[in-house]
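Thanks for coming. I have one structure to go through today, and I will keep to what can be read from the coordinates. Please have a look at it first.

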Amino acid sequence: MIYGKHIAALCIPRIHDSTNHKLITSLARTLFRHGIKLMVYATPSELFWHSLDESGEKAVFELINYDITDVVIIHTEGIKDAETIDSIIDKAHAHSVPVITIGGSRPGCFGVNFDYKTGFDKIVRHVLQEHGVRSFHFIAGIKGNEFSDEREEIVRKIAGELDIPFGDEDISYGEFWSRPTERAVERLFTLRRRFPRAIICANDSMAIATVNVLKKHGRKIPEDVIVTGFDGINEIKYCIPSITTCLCSSDQLADSICGIACEIIAGQTTPEHRLVEPVLWKAESCGC
């Protein structure tokens with residue numbers, strides 16, 4: 001606390017990223033309404049490569065003044081250097097400052113994350129049940145990736161429940177970005193005799209890439225092919241057609257983080273982990 005105001009320190013990468021910028025804005029506004037000031041400690045990159053440049057970037061976290069900080073918030077899903085995250089947590093705990101992590105969990109910390117599993121379940125059921133689709137293709141992310149494998153498992157489970165034919169040949173891996181996704185969709189035009197009625201993508205970037213390839217081949221969305229994404233990035237609202245997805249709302253995330261921070265500062269009992277459920281956003285690419 002300083003000058004009668006409680007202080008929250010947010011450690012986050014890439015504030016120029018639209019999703020991160022929106023979270024910072026929403027969190028600062030929400031905390032301020034509860035008498036808490038937000039101080040942001042940010043790096044230009046996600047600290048993935050452990051390079052010399054990144055060693056300079058992460059020095060920003062040395063500026064945190066734990067003597068005036070009431071709670072530390074770390075975007076552990078965004079910062080890719082586990083050693084840096086552990087260092088911040090150790091220093092905070094050494095000063096008896098509680099830590100909230102966004103994405104993932106750490107011992108001795110309070111965690112908040114999106115319930116990606118429930119959110120992706122919503123969108124798959126929307127396509128297969130509400131639209132009655134019986135033939136579909138799933139574009140996963142990276143094979144072996146935790147989030148990709150979880151979404152693949154959900155697709156297989158729901159297809160099995162609904163008795164919809166679905167096998168390994170009905171899955172491609174777009175690696176969460178455009179180029180591999182474009183190649184995967186192009187292969188559908190050469191490898192399949194019957195084109196799928198829907199293409200369910202593990203994230204929005206791959207859904208946008210899928211739409212672009214389909215349009216290049218003259219396929220209409222959603223008349224010929226339904227396409228869905230996941231995450232709720234800003235771009236899905238501005239493409240033609242707009243993409244059906246599940247929104248991981250920054251406002252919802254900010255509300256949950258603020259709730260934990262207020263409970264901690266007030267000395268109340270706080271759950272170790274909270275999940276924020278994504279909201280299904282029905283748009284043009286599924287015909288809604």
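A charge sits over a ring if NZ of Lys or CZ of Arg is within 6 Å of the ring centre and within 35 degrees of the ring normal. With that in mind, arginine 219 lies over the face of phenylalanine 195, at 4.5 Å from the ring centre. There is also arginine 151, whose charged end sits over the ring of tyrosine 116, 5.4 Å from the centre of that ring. I should say now that this is a predicted model.

Let me step back to the overall picture. The chain has eight helices and twelve strands. Its radius of gyration is 21 Å, close to the 19 Å that the globule rule gives for 288 residues, so the chain is as compact as a globular protein of that length. The C-alpha trace spans about 70 × 40 × 30 Å along the principal axes. Half-way measures are easy to remember here: 50% of the 288 residues count as buried. The accessible surface comes to about 13800 Å², and carbon and sulfur atoms account for 51% of that. As for contacts, take those between residues at least 6 apart in sequence: 74% of them join residues at least 24 apart.

Now the interior. Which residues of the largest nonpolar core touch the most other members? They are Ile100, Phe120, Leu128, Phe136 and Phe138, out of 67 residues in that core. The element that gives the most to this core is helix H8, residues 250-265, with seven residues. There is a second, separate core of 18 residues, and Val60, Ile64, Ile74 and Ile88 are among its members.

Stay with phenylalanine 138 for a moment. Leaving out neighbours within four places in sequence, phenylalanine 138 is in contact with a list of residues that includes Phe120, Arg151, Glu152, Val155 and Phe166. Also on that list are Asp170, Ile171, Ser172, Ile200, Cys201 and Ala202. So much for the core contacts; the rings come next.

The structure holds eight aromatic pairs. One of them is formed by phenylalanine 48 and tryptophan 49, and it is edge-to-face, with 4.8 Å centre to centre and 90° between the planes. Is that pair buried or exposed? Phenylalanine 48 counts as partly exposed, at 47% relative accessibility, and tryptophan 49 is exposed, with a relative accessible area of 67%. Elsewhere, Phe114, Tyr116, Phe120, Phe138, Phe147 and Phe230 form one aromatic cluster. Two residues of that cluster have come up already: Phe138 as a member of the largest core, and tyrosine 116 as the ring under the charged end of arginine 151.

Two buried polar residues next. Asparagine 113 lies in strand E5, residues 110-114, and has a relative accessible area of 13%, which puts asparagine 113 among the buried residues. Not counting residues up to four places away in sequence, asparagine 113 touches Glu77, Gly103, Gly104, His273, Arg274, Leu275 and Val276. Threonine 30 is in helix H1, residues 18-33, and is buried, with a relative accessible area of 4%. With the same sequence neighbours left out, threonine 30 touches Ala254, Asp255 and Cys258.

Last, the backbone. Most residues other than glycine have a negative phi, and most peptide bonds are trans. Where does this chain depart from that? The peptide bond from isoleucine 221 to proline 222 is cis, with omega near 10°. Proline 222 is in the loop between helix H7 (204-216) and strand E9 (226-228). The bond from isoleucine 240 to proline 241 is cis as well, with omega near 0°, and proline 241 lies in the loop between E9 and strand E10 (245-247).

For phi, aspartate 163 has a positive value of about 55° although it is not a glycine. Aspartate 163 is in the loop between helix H5 (146-161) and strand E7 (171-173), and is exposed, with a relative accessible area of 62%. Glutamate 175 also has a positive phi, near 60°. Glutamate 175 lies in the loop between E7 and helix H6 (178-191), and is partly exposed, with a relative accessible area of 40%.

That is the end of my list.

Technical notes:
Residues numbered from 1 in each chain as written. Predicted model: local features only at pLDDT ≥ 70, side-chain atom pairs only at ≥ 80, totals over all residues. Heavy atoms only, no water. Phe/Tyr/Trp six-rings, centres within 6.5 Å; stacked < 30°, edge-to-face > 60°. Buried < 20%, exposed > 50% of the residue type's maximum accessible area, 1.4 Å probe, protein only. Helix = DSSP H or I, 4+ residues; strand = E, 2+ residues; numbered from the N terminus. Rg over C-alpha atoms; globule rule 2.2 N^0.38 Å. Contact = heavy atoms within 4.5 Å. Areas by Shrake-Rupley, 256 points an atom, 1.4 Å probe, with all protein chains shown as cover. Core = buried A, V, L, I, M, F, W, Y, C linked by side-chain atoms within 4.5 Å.
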